Structure formats: structure tokens, C-alpha cells
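Here's a quick briefing on the structure below. It starts with one chain as a whole and then works through contacts, annotations and a couple of arginines.

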Amino acid sequence: QDLEEVSLRLKWLPQAQFVGFYMAKAKGYYEDEGLDLTINPGGPNLLTENLVATGADTFGLSGGTDSVFAAIEKGLPITCIGIAHQETPFVFVSKADGPVQEIADFKDASITTWFTGANYVLFGMLAANDLDRSSMNIQPQQVSVTPFVDGQVDVVTATRYNEYYSLMTRVGEENLKRFVPEDYGVSFPRDTLIVGNEFAAEHPELVQGFMRATVKGWLDTFADKEAAIDLIMQEAPTLERPHQEFMLDEIEKIMLAGAAAEQGLFTIDMDAVESAHQILVDYDVLGGPIDLAAAFDSQYVDAIPSAERLPE
Amino acid sequence: MTYDPMSPSQHALARGVFGGLALFAIWELAARLFDLPSYILPAVSEIIARFWTARAVLGEAAAYTLGEALAGYLLGGAIGVALALAVTLVPQLRKVIVPAATAVNSVPVVAFSPLILLWFGMGVSSKIVMVAVAVSFTMFVSALAGFDRVDERSVNLMRSFGASRAAILWKLRLPTALPLILSGMRLSTVRSLIVAIVTEMLGAYGGLGWVIYQAVIVIDFVQVWAAIFVASIASLGFFAVVSFLERRLVFWR
Amino acid sequence: MNMPMTYPSTMEPAMTPADEPILDLRKLSKTFGEVQALDGVDLTVQPGEFVTVVGPSGCGKSTLFNIVSGLEEPDNGSVLRFEGQSVHAKHLLGRVSFMPQRDLLLAWRNVIDNAILPLEIEGANKAEARAEAQRMLPEFGLAGFADKYPHELSGGMRQRVALMRTFMFKRDLLLLDEPFGALDALTRTMMQRWLLEVWQKHKRTVLFITHDVDEAIFLGDKVLVMTARPGAIKLARTVDLPRPRSADLVTSPEFISLKRELLDAIEEESMKTFGPASH
Amino acid sequence: MNMPMTYPSTMEPAMTPADEPILDLRKLSKTFGEVQALDGVDLTVQPGEFVTVVGPSGCGKSTLFNIVSGLEEPDNGSVLRFEGQSVHAKHLLGRVSFMPQRDLLLAWRNVIDNAILPLEIEGANKAEARAEAQRMLPEFGLAGFADKYPHELSGGMRQRVALMRTFMFKRDLLLLDEPFGALDALTRTMMQRWLLEVWQKHKRTVLFITHDVDEAIFLGDKVLVMTARPGAIKLARTVDLPRPRSADLVTSPEFISLKRELLDAIEEESMKTFGPASH
Amino acid sequence: MTVQANMAGAQPMARRFGAVLPLLKGLVAIAAVLLAVELLVIAFGIRPYVLPRPSAVIEAVLRTPGAYRDAMIRTGLETLMGFGAGALFGIWIGVAFSRLRFLRETIFPIFIVSQTIPVIAFGALVVMWFGNTILAKAVIVFYLTFFPVTVNCLLGMRAVDQKQVQLLRSFGASDREIMRKLRFPTALPHIFVALRIASALGLAGAVVGEWFGDTTGLGVLLLQGMYAENMVAIWASILCSAVLGIAFFGAIGLAEKRIVFWGGESS
Ligand SMILES: Nc1ncnc2c1ncn2[C@@H]1O[C@H](COP(=O)(O)OP(=O)(O)OP(=O)(O)O)[C@@H](O)[C@H]1O
Ligand SMILES: Nc1ncnc2c1ncn2[C@@H]1O[C@H](COP(=O)(O)OP(=O)(O)OP(=O)(O)O)[C@@H](O)[C@H]1O
Ligand SMILES: Cc1ncc(C[n+]2csc(CCO)c2C)c(N)n1
Ligand SMILES: [Mg+2]
Ligand SMILES: [Mg+2]
């Protein structure tokens, strides 16, 4: 049996966030679809869209809708074929007993956020709540949440599966207050699956196979999280297991939220995509609207019945 | 008749310029001929054009990075020379400090970056500290070699004139070590900028590294290359200035 | 022309305050760990005297100088008297003019600033010191070279700067450790004659180390031959040759017979160092 | 004891194939840009002869040697004859044994391997060359030092290794450029005597540069005095002293009178270099 | 003479012992330092976030020894490959440059400029060109190491005593022989200085290279620790880097002692 050599570029290093892909590979689902898949981790200063566009990688799990928009605008020949995180994976966190109790308090607070996508979520939230960010103190956020823990920062950005875990263990969940973007009228689907246009045009069946195997991998993951965590710990043994367990629980929630709750994993919810797109257009992050229909191609996910994309 | 291939020819400068231009020409040609998209390799002309359109951003970033690099460079230089001096004046320290410094140097500086970022935050201080760490060892080694060159007989001569330790340090040890200290300073210029940029790319509020990082996120590779060019020019400029100072200060070579 | 004739050893008693030698060493020994460098050196130097010391390589000549200039302490039991007083070596730091084997000029100082180094260390006024050095330049054959740096000078000139530095440090006793060792034979001859002129004018006491018997006789009032290591004084000979001394002295019979005697003594000692293995 | 007596210049005619000098220089000149180093040197060396050359510093002695060893071409119009044939200097590369002013030993080669370097370059069998060098060691006072590296040797020993290297490069003409210049006076005396022994045994032609008149007379069959720059031959004197020569020769009347004559000639030239400014 | 003979016999032993003794001393010193830090952290109640206890760091390494071992092997291998190639190429190009002036004067300035570029800035290019293979990392290490070697190789060749060149020429030596027998050995001490500098640079290159999407290596562990704010993991990676770095440095030092036994001072 001739296997096609392909690769998947992740947005970051191996962790429970990506375990479904490892699961699919371990179970041989990709091979079943004729794919000899290599999973390449990401890293700082690596852009998944870029590597897929140049053909260095076949598939990618890229930053999110925002990075897909940017890539399309710059003319990179890629297409989004599925969205993993149906709701914004970020939350904004303040101290329960601190000065920031409601979103209006952001006005006089010191806020840090990542200028790699999360900033647009914040901007959208602020705009939706009639807050003028130009007069606010918003700084780039470093890797560490310690400035927040130490009280130098009032509002910090956290991924629900990673930094929030650190905050919980260091400050205690009861001492934290979360601002969830969806509660403030903003949603940024992230962790987008992308493929190079040339490859998709030449091998639509392989793209389809990749999609099928991936979905199966994730469903298996949610069906036996213990085994999934074992797998990821094997992949990256220095990780902390409790953290990974927490991460997988959160990832499960995020991946099965919104439209996916009904239609299944990797659903492309064009409404959510359009609203995110509108925010970026409004903020002049994008020079103008892009052709969303060309950038997001649902055919591969849609070809898999929803029932087969949902846990039993 | 005795042609020495090691000595520079009178065409050295012209040849250097020619080499650079040839490289740029090949680069430009390749980019245009194969119609390479900018995320693979932008044409030189495009990059240079970007210099102009993004001059404000790039200039500000270069100044920011140079500021960090310079501060770290001076701090690291001072630490390196001070350590070398301590080792020279208190010989018992040598057995402790030299191996310790060597061990610390064996660890890639970047390995310290997470710590330094965690300890000193994302602002300029973390960059300054990183550069200082990177520069101080080179400076320590150079300065120590310089101080070790001090001829014991010269020290004895000064002592025979009744000179104090301070006088010997000031009038003999420091000037003797100066050529090596300065050559260490010269070698450290480029590294200080690179370390500043690398650290910026891991988290910063500004600077060339930050510009590069941001440009990658918005897939603007022309900007990435323009920033790299600026970094190169800044490095070469820094190097040239220190070389000039070196020639001025160590006139007796 | 006849005044200088009577100058050397014959004049000594008249010049000394009270017959007191300026330097008086008795049973001077020095051991470095295992190595005994000096073993019971006895030596007196009268004020105004020019004493030359020859001896095989490594016999401890430089060590002797290091002690007299205060850089090293001799072993216990050694007696070191300077200007009539028994002293510790370290008390001699800053009290004798010491010129080491090499010129040891500071590369970053020009001729004048190299010359005034000891005065600067003494805390003298820099401008005055410079002015004084300027005045001395012609005498040292350095007129017009005030602003030159050591790397711009020939070996002979560098040596003259080093000598000038030594002379500017006005101490009664000058220790010169092979000052012309690095010079070629011809330059060396020139420098010897010139040194005698300068010395006769400045009337300082000189203790002078050399490897060269011709040089030792040509310059000295007294020549000391040291034994192989551990060094001691093997032989002391007064040089009864008239001053000022001219170049053709070296072919005079008195010179030759003294040279013969000294050479024999040195050869005996050299043989001990060389041994039969090295021919 | 009487055979060696007749050895030097008197024997020359008998030893030469047909009265042909091994080296014959006429009107040899050399200019470096502005600087004229040599100006019309005339010089013949007979086979087996030991010719010494003295002259003031910078008069062009090393330049002369560089030409004869093939490293530099003389100016046009110079005549350079070697073994009876007119040649270009570059044809002499590899045809004379050249020993430069400093020992120039290669730090990474031990005594033996330094000595066989020229043979190695000639393409000789290494093992044979080493064996031959081994045999020569005792003669050069290096027995037991075969495996030592230069940094483990004293200055005198290094010089002997350099000499041995020169001797192993078996060419009829040996050029020795101040081989003992860096040694102290006493070691130097030892080396001179030893060199004469070796030379007498190997019967090579030697052209020897030195600064030291004693050395020139002590070693040479003929002493040449060069003029100050631009260098030319100012004076040539045959040394009619018996061989083997012993140390006490230097105090013999013939020696002294020759020395006097040569010194005067050199002094005259030296004065030109030194000039009045330097005393 | 007998003293010399004894010395000659004693030397190899002293050498062998001399290699082990500093190592032993070093280990004792490191242990002492770790203990001191441990006590310091406990005594002053330093937060693990600022400085974790060394024992915790060592424990972390021992908890998953395989991961750290694999990372060290991988990073070490990358460094070794790139360093070896860089050293050889650096010397080769240095020799070529010393002979071919036109080449040197045309290309060397480009090399110089290339060294002012931070590798991390074109990580994406490296991945595009060489993929996520060990080769990609070796290339980065190579890029960082060859240059100092070339510079010092040239410097060393220039340091050749012109008089020695003339001596060899007087023996009839060709340019090739002069290069082999004189210039290159003279340059060796300089080359070793560069190798020592390059070993630290090369290791840094390997670590940074692993930030461009890789599965194993100290750089990966470092990043993972960094983004999980796991101080113990960060220190564990630093510790492993230090071990690797010191090993490289020490190995080069040993090689230098053997190869440049004469100490580098030529006459
Ligand atoms: N600081 C020291 N430590 C140990 N040994 C020393 C020290 N200084 C001198 N020596 C030894 O003492 C002996 C005498 O040395 P010194 O330099 O006085 O000889 P010298 O007569 O001046 O020799 P030269 O003629 O070569 O200048 C030598 O064997 C030398 O190695
Ligand atoms: N390659 C060269 N280029 C220019 N000038 C040179 C060169 N070689 C020698 N000279 C000059 O030629 C003159 C003679 O030099 P040379 O080395 O032959 O003198 P020397 O008699 O050997 O001196 P010394 O006694 O100091 O060894 C000097 O003035 C020197 O500066
Ligand atoms: C899987 C994962 N994805 C994103 C982030 C958050 N993040 C925000 S900015 C940045 C780069 C450095 O500034 C990173 C990684 C995370 N922590 N973990
Ligand atoms: Mg001495
Ligand atoms: Mg010469």
C-alpha cells in the first residue's frame, strides 16, 4: 500500500491541546486513509500558515481565524478546512477582591494581553461595551503571569487551558474573576485546520481522509482521556500530568462548544467567522473584507456526518 | 617579488563592494526570475523600498534595540573588567571565578532567557541583563588575558620607584590590558545586538526583535527582512565605531 | 684632562662622609623554595664607586639586585646595611634607582612621560618634572625625541630612555641590570662610553650587572665575579685604569691581563653550569 | 696537532677543484623602493673557507644573505656567480644552507624533526633522515634530547638544533646570520669553540655574519668589514692565527692588533649610522 | 640527566592523572555550590519561582531521566554535527582565503555581514529549506561556528613568522609545503581559541534551532518549561545545557592540550 508522505504543523509544542492528532496517528487512522503523517510541532516565531503555503508542511493547525484572515489577505495559497476551538479559548482574568469587578473597571486598570491575536478579542470586547481603549493602559503580555500574581497588573489574558491553570494553582480559583469574551458579545474561533491549495486541488481525497482520521482521533481521545494523557505524556514526558488532564478537559469543552455541540467537531461556523472578520475589518487590521467563502472551505468536514463527529 | 597573499590588495574595498553587489544582484534576479513570493524570499529592491516606507518604525525600533544593546554592553563590559581585575588583584579568587565563569559561559545565553524574562520582565531591563550576561564573559576573558600580560618585571620596576598598588593599577595594569579589553569590546558589539534582538523576539515592548516578531504574525516578510537589514547595518555601525575608538585609544600598536 | 685621571677609586675616601660604604651586604643568602639562588654574598660599595658584577647565567645576579632594590627579602641571617643603617629590604623600595634587564618602557607614554614616571610616582609636579626631563634630553642623546613613543625608537634609544628614567629618579645608588644586554655589540660600545660620561657628570654610585667581561672592565672601578648558583662573590678586582676611558683601552696590556684573569675565573664557574653534556 | 695548523687559507688552493671560488659576487646592489641596502658588494669565497662579515646595524648584511640564499633578487647589473656559474638568485633556493638570525625552530617539532626539516622538504626518506640525525646528536651536544621540544630547551641548545638543521642540509655553502646573537656572552664563547670543532670536521664553506669583532676574528679565515648603508665591503683582512683556536687566543698580540684595526674601521662606519645626535 | 629521565617517565602519568584530578575537583566544587544554593534557598525562604531548590531540579531530571537524556543526546548530536562541519569548513575556507586573495576580499565581507544576522529571525527559512530534520539544526550550528574558525585561521596564518617562511623557502619548499609544515601548525593555537568560542555559540545555535518546531532537544524542553512557567523544568534544562556545554568545552580543551602541546608560543 502506497502511503502519501504528508505533515501536520501544529501551532505549538506537543501538549494535550493537540493530543487528538497524536491519537489518530497512534491508532493508525492516518495510515488507513493512505497518509504517512508526520506531526511537526510549532514554536515561537514560526507561522503555520507560512509553512503550509510554501509546501514545507501539508496541513497545519494554525493560530486561528485571525491568522487565516491575514494569510489570505497576503495572498498565501491556503484554505481553512476546519475549526477546532469553537469559542474563544482566552479569558481575561482579574482578582476577585481587586479593583476590577466589571468590564467598565478595565478603564482605569493596567491590562496585559498577547499581541498575537488575543488583543483583537480584547479590543472587540471593549468596543462592544463602549469603552475607549485609546485611553487605556494595555501592554503586551509576557510569557509569565507573575506580574499579575504579584499585583503589578490588574487584568491578565489567559488561555483557559494553560495560563488559567497556572493562575488557579498559584492564586486559587476562588480568588479569580473571569471575563469570558462570549459574555461580552465577542467570539474568536481559533486553532484552525489549514491545507495548502495546491495539495487540496491535487489530492482532495487525501484531505478528506486526513479530516476523517483527525476527527476519529479526537473522538477516541474524548472517549478515553486517560489513554490520551498517557499518549501525550509519552510524547513530552517533562510535562505535568495534572496540568495536561486539566487542559484536555478544557479543550474538550472548547472543541464541543457553539455550533459543534450540534454539528460535531471541526465545524466551520461561518457566523462566528464573519463576526470575527468584521471586528478585524473595523479595526483596520485587515485592509478590507476578504473573500471568506474562498478562505473557509467546509466541504471536508461537511462530508463527514455530524453523528460521526460527535462523541457517543 | 615577494608577493604576500595575506596582505590586503589595493582593491580590497572595491572587491568587497563588488562581492556585496553581486550577491544582491543574484538575489534580486532569483527572486524576480522565479517569481518568489515574499514569504519565501522577497526581492532586495522590495526590501530596500521598505526601508523608506517604514523608516519611522524601523528607525525607532533600531534606536530602541541599540539603546538596550549599548546599555547591556557597557554593563557587561564593566562587570567583565571588574571581575578580571578582582581575579588579578586577589589571585586566590582566580581558582573560583575562572571555572565558574567558564561553566556559566558554557550554557547558551538563550537558555537563561526564560529566567531573565521572568525575573526582569518584558521591558528593556531583561534585554540589558541578557546582553550584559553575554558580553561579560567575553570581556572577562579578554580583560584577564590583558591583565595577565602585565610584565611582573614592570610591576617590580614601579614598586622599586615606591609606587602604591593603586598607582600600579592605574599607571601600569589598566593601560597594559587596554588593547585586549578594547579588542574584546570590539568583538562584543555584534553579539550584543544579536542577543538584544533574540530576547526581544521572546517578549518585548519594542525594538527590532519585536518588529520582526510582529511582522511574522501578520505575515509581512518584507518587513522581517527590512528589520534584519537594519539590524545588520546597526551591528556594522556599532562595530565600526568601536574599532575607530580602539585605533584611537591604542595608538601605540 | 688630568683632573678626571684622578677621579676613580683613588678619590673615594675623600668623597665619603666617614668612610661609610653606601651599601654593605654580609652573608646575604636567598632561597626560593628548593632553589638556593644566593649563598653568603659579601659586598661593600663606596659612595661614588662604579662596581660591575659578572657571573654565569642564573647565578643569582638579578636576585641580588631585587634584594637591594627592596623587591625581595633575603633569608634570615643576612645582613643588609644601606647608608650606614641595617635595614629590611622592603625599606629600600623607593630608595635606590633600579634599572631592570629590559627597558620596560610603557608603550603608551612618550619619551618624556616615560622618563618622568618615577617622579610622578613620587608625587612631583608633572609640569616641572617634564621641564626637567626636557633639559636632560640632549645629554641622553634624545634631543628632539620628547614626543616619540617607544615603538618609534631604536633599541639603543629605548635603552637610553630607560637610563634617563633611572637617572631622573635621583637616588644615591643606581642598580643597572645588564642595561645593554639586548643591544648589538657595536651599539653597545657606543652606549658604554656614553654611560661613563653621564656617570662622571652625575657622580652617582653604580652597581652594574653584565655578562660581558670587556664591558665590566671598561666601566668598573671594581669588578666582582660571582660563582655559579648558589651565587657568592668569587673574586673582586680593582680596575686601575685611568679615566676617562677611551675605546682603545680594550687593547691595552693592563686591560688584557685583567681580562685574562677574570675570564679564567668565569670559565671555571661557567663550566659548572654548562657541565660536560653541553660541550 | 700540526695538521690543523696548516688548515685554513693556506690549504685553500689545494682543496679547490680549479681555483674556482664557490661564491663570487661583483657589483652586487639591492634597492628596496627608496632604500638602497647594498651598493656594489664585491666578494669571493673559496671552498672550505670560513669568512666572517661584520658591519654596523642595518648596513645590509641580512640582505646580502637573502640574496645569496635565493630569497631576494639583486638589482640589475649585479653579478652573482655560484660554483663557477652565473646564476639568478632564485636558482639558489635549495642550494645553500641558510641559518637565519634567530633559530626559527618549529615549536611543534621535536629536536630530531626540526633537524630533518630540510631533508624532508628535499623528499628524503624520513626514517633514514631521522636515523642520520640521531647519529649527529652527540656531536651537537644534544645527545638524549632527540624527543625534546624547543620550549624545553635553553637558548644555547635551540641554537645548536638550528645549526644542526643547517648542517643536515648538505650544501657546500653555509650562510650563518648572527647565529649566536641572542646568546649571552659566556654561552656564546662556548658555542664559538664548539662551532669551530664541528666545522673542522665537516669541512664546509662558511659565510658568517656577526656584530662581534672578537667573534669574527676568533672564527674566521678572513674578516670582511662592511660600510654603513648602503653596504659595500670596506675592508677585508686575512686572519693568520693558527687552528685549532683556543680561548686564550683573544688575548694574544696578533689577535689584539687585528682587533684594533677592525674596530677602527667599524667605528668609522658606526659613527655614520649613529651620527652626532646620539653621541 | 637522571632527573630529566625521571621527569620524562613521570610525565605521561602526571598527564593522565592531571586530566582526572581537575574533573574530580570540578565535580566536588559543583556539588558544593549546589549544596550552598540549597541551603540558601531554604534559609532565606526564597520562592521557587525566583529560584527553586537544586534538589527539586535534580529530582525533576530523575523523574523523567529518559526525556532529559534523549534531549541531551539530540542537542549534543546536532551540535557535534554542525560543529564538526563548521570547524572543517572554517579551516578549509580559511586556508583557501589565505591563498586566494581575490576570493577572500570579495566574499569575506559577505561572511562578516552574515554574522550580524540573528538566526532566530529566519527560523522559518531554515525550516522551509531543511525541514524539521537534525540537518536543519546542524546547519544553524554550522553557520554559527564556521565563521570564528575562519577568522582565527586567517589570523593564525597571518601570524606566521615571515622569517620562518623564508627559511623554508631557502630549503626549496613549495607553497604547499609551507602551508602544510608551517602556516597551518602556526595557526592551530588560534584555531583552537576559535573552537572554544564556537562550541558555546554552536550549542546556543542548536538550542535556538530547536525552537523552530522540533520534538526533542534541550531547546524544546526549555520552551516547554518557559510557557508552562515551570521554573523547575527551566532550571533542569539549563542544568543539562551546562553539562553539555562544559563537556564540549572540556573536550576541546583536552584536544587542544594534545594537539597544541607546545603551548602556542612559537619561538
Ligand atoms: N621568584 C623566583 N622563584 C623561584 N626561583 C627563582 C626566582 N627568581 C629567581 N629564581 C632562580 O634563582 C636563580 C638565580 O636567578 P637570577 O635571575 O637571579 O639569575 P641571573 O644571574 O640574573 O641570571 P641571568 O644572567 O640569566 O639574568 C635561577 O636559578 C632562577 O631560576
Ligand atoms: N624587504 C625590505 N623592504 C624594505 N627595506 C628593507 C627590506 N629588507 C631590508 N630593508 C632595509 O635594508 C637595510 C638593510 O637591512 P638588513 O636587514 O640587511 O641589515 P643588517 O645589516 O642585517 O642589520 P642588522 O645588523 O640589524 O641585522 C635596512 O635599512 C632595512 O630597513
Ligand atoms: C499553546 C499556546 N498558544 C498560545 C499561547 C499564548 N501565547 C501568547 S503570546 C505567545 C508567544 C510569546 O509571546 C504565546 C505562546 C500559549 N501560552 N500557549
Ligand atoms: Mg638576570
Ligand atoms: Mg640582519
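Let's start with charge: chain E carries 22 positive and 13 negative side chains, and the centres of those two sets sit 9 Å apart. Keep in mind that this is a predicted model. The points below begin with the rest of chain E, then move on to how the chains meet, what UniProt says about chains B and C, and two arginines in chains A and C.

**Chain E overall**

- Chain E is built from 10 helices and has 0 strands, so its element string, read from the N terminus, is α-α-α-α-α-α-α-α-α-α.
- Measuring along the principal axes isn't fancy, but it gives a box of roughly 70 × 60 × 30 Å for the C-alpha atoms of chain E.
- Of the 267 residues in chain E, 53% count as buried.
- Look at the contacts in chain E with a separation of 6 or more, and 76% of them come from residues 24 or more positions apart.
- The accessible surface of chain E is about 12,000 Å², and carbon and sulfur atoms own 73% of that.

**Who touches whom**

- Which two chains share the most contacts? Among the 7 pairs of chains that touch, that's chains B and E.
- Chain A and chain C have no contact, and their closest C-alpha atoms are 49 Å apart.
- Chain A and chain D have no contact either, with closest C-alpha atoms 49 Å apart.

**Chain B and its annotated spans**

- An unreviewed UniProt entry puts the feature "transmembrane region" on chain B at residues 12-30, 70-90, 96-121, 128-147, 192-213 and 225-245.
- Take residues 70-90 of chain B: the span is 95% helix and 0% strand, and its end C-alpha atoms are 30 Å apart.
- Residues 128-147 of chain B come out at 100% helix and 0% strand, with the end C-alpha atoms 26 Å apart.

**Chain C: the annotated domain and Arg237(C)**

- UniProt (unreviewed entry again) has "domain: ABC transporter" covering residues 23-253 of chain C.
- That stretch, residues 23-253 of chain C, is 30% helix and 25% strand, and its end C-alpha atoms lie 32 Å apart.
- Arg237(C) belongs to strand β10 of chain C, which spans residues 233-238.
- Is Arg237(C) buried or partly exposed? Its relative accessible area is 28%, so Arg237(C) counts as partly exposed.
- Leaving out residues up to four places away in sequence, Arg237(C) touches Asp221(C), Lys222(C), Val223(C), Leu258(C), Glu261(C) and Leu262(C).
- With one of those, Glu261(C), the side chain of Arg237(C) makes a polar contact of 2.6 Å.
- Arg237(C) and Val53(C) are 184 residues apart in sequence, yet 10 Å apart in space from C-alpha to C-alpha.

**Chain A: Arg190(A)**

- Arg190(A) lies in strand β10 of chain A, residues 190-196.
- Why does Arg190(A) count as buried? Because its relative accessible area is 6%, and the cut-off for buried is under 20%.
- Arg190(A) has a list of touching residues that leaves out those up to four places away in sequence; among them are Lys11(A), Gly63(A), Thr65(A), Ile83(A), His85(A), Phe90(A) and Thr116(A).
- Asp66(A) is on that list too, and a polar contact of 3.1 Å joins its side chain to that of Arg190(A).

Terms used. Residues numbered from 1 in each chain as written. Chains lettered and ligands numbered in written order. Predicted model: local features only at pLDDT ≥ 70, side-chain atom pairs only at ≥ 80, totals over all residues. Heavy atoms only, no water. UniProt positions renumbered as here; feature names shortened; annotations may be inferred. Helix = DSSP H or I, 4+ residues; strand = E, 2+ residues; numbered from the N terminus. Buried < 20%, exposed > 50% of the residue type's maximum accessible area, 1.4 Å probe, protein only. Contact = heavy atoms within 4.5 Å. Areas by Shrake-Rupley, 256 points an atom, 1.4 Å probe, with all protein chains shown as cover. Lys, Arg positive; Asp, Glu negative; His and termini not counted. Charge placed at Lys NZ, Arg CZ, Asp CG, Glu CD. Polar contact = N/O pair within 3.5 Å; in protein donor to acceptor, adjacent residues only side chain to side chain.
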